[in-house]
Amino acid sequence: MHDRILVKRMEEEEVRRGGIIIPDTAKEKPQEGKVMAVGTGRVTDEGKKIPLDVKAGDRILFGKYSGSEVKIDGVEYLIMKEEDILGILD
């Protein structure tokens, strides 16, 4: 995977603050996920390997159209580059 990560989207809560319930048809895909696997790192032109800043288990935010969707054993994941990550959550 080199400089890519495998992310599982985190499902949004059905009830938001204020008690408003959003139906499934109006929901957008969540832009928050959990890192499931991380590649070994990016390789520079000189052949040096630069490790990634994220690790498996991190919660991240990513752009709406980031990554490529894949389905493994019936579960949907995203494969994206580390540069597509907007932030790491605590």
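**View 1. Arg9, a buried residue of strand E1, and its salt bridge to Glu69**. Arg9 has a relative accessible area of 18% and is therefore buried (buried means under 20% relative accessible area, exposed over 50%, and partly exposed in between, with a 1.4 Å probe and protein chains only). Arg9 forms a salt bridge with Glu69, the closest N and O atoms being 3.6 Å apart (a salt bridge is a side-chain nitrogen of Lys or Arg within 4 Å of a carboxyl oxygen of Asp or Glu). Because Arg9 lies in strand E1 and Glu69 in strand E6, the pair ties together parts that are 60 residues apart in sequence (strands, E, of at least two residues, are DSSP runs numbered from the N terminus). Glu69, at 46% relative accessible area, is partly exposed. The model is predicted, with local features requiring pLDDT of at least 70 and side-chain atom pairs counting only at pLDDT 80 or more, whereas totals for chains, interfaces and linings use all residues. Residues are numbered from 1 along each chain as its sequence is written, and side-chain values use heavy atoms, with hydrogens and water left out.

**View 2. The salt bridge between Asp3 and Lys81**. The side chains of these two residues meet at 3.8 Å, N to O. Asp3 lies in the segment before E1 and Lys81 in strand E7, so the pair ties together parts that are 78 residues apart in sequence. Asp3 is buried at 14% relative accessible area, while Lys81, at 28%, counts as partly exposed.

**View 3. The salt bridge between Glu32 and Arg59**. Their side chains meet at 2.8 Å, N to O, and because Glu32 lies in strand E2 (residues 32-38) and Arg59 in strand E5, the pair ties together parts that are 27 residues apart in sequence. Glu32 is partly exposed at 23% relative accessibility, and Arg59 is partly exposed at 32%.

**View 4. The open sheet of six strands**. The strands follow the order E6-E7-E1-E2-E5-E8 with antiparallel pairing (two strands pair if DSSP finds at least two bridges between them). The edge strands, E6 (68-72) and E8 (85-89), each pair on one side only. E6 and E7 pair over five bridges in the antiparallel sense, and Ile72 has Val75 in E7 as its bridge partner.

**View 5. Val7 and its contacts**. Leaving aside neighbours within four places in sequence, Val7 is in contact (heavy atoms within 4.5 Å) with residues including Gly33, Ile60, Phe62 and Leu78.

Notes:
Helix = DSSP H or I, 4+ residues; strand = E, 2+ residues; numbered from the N terminus.
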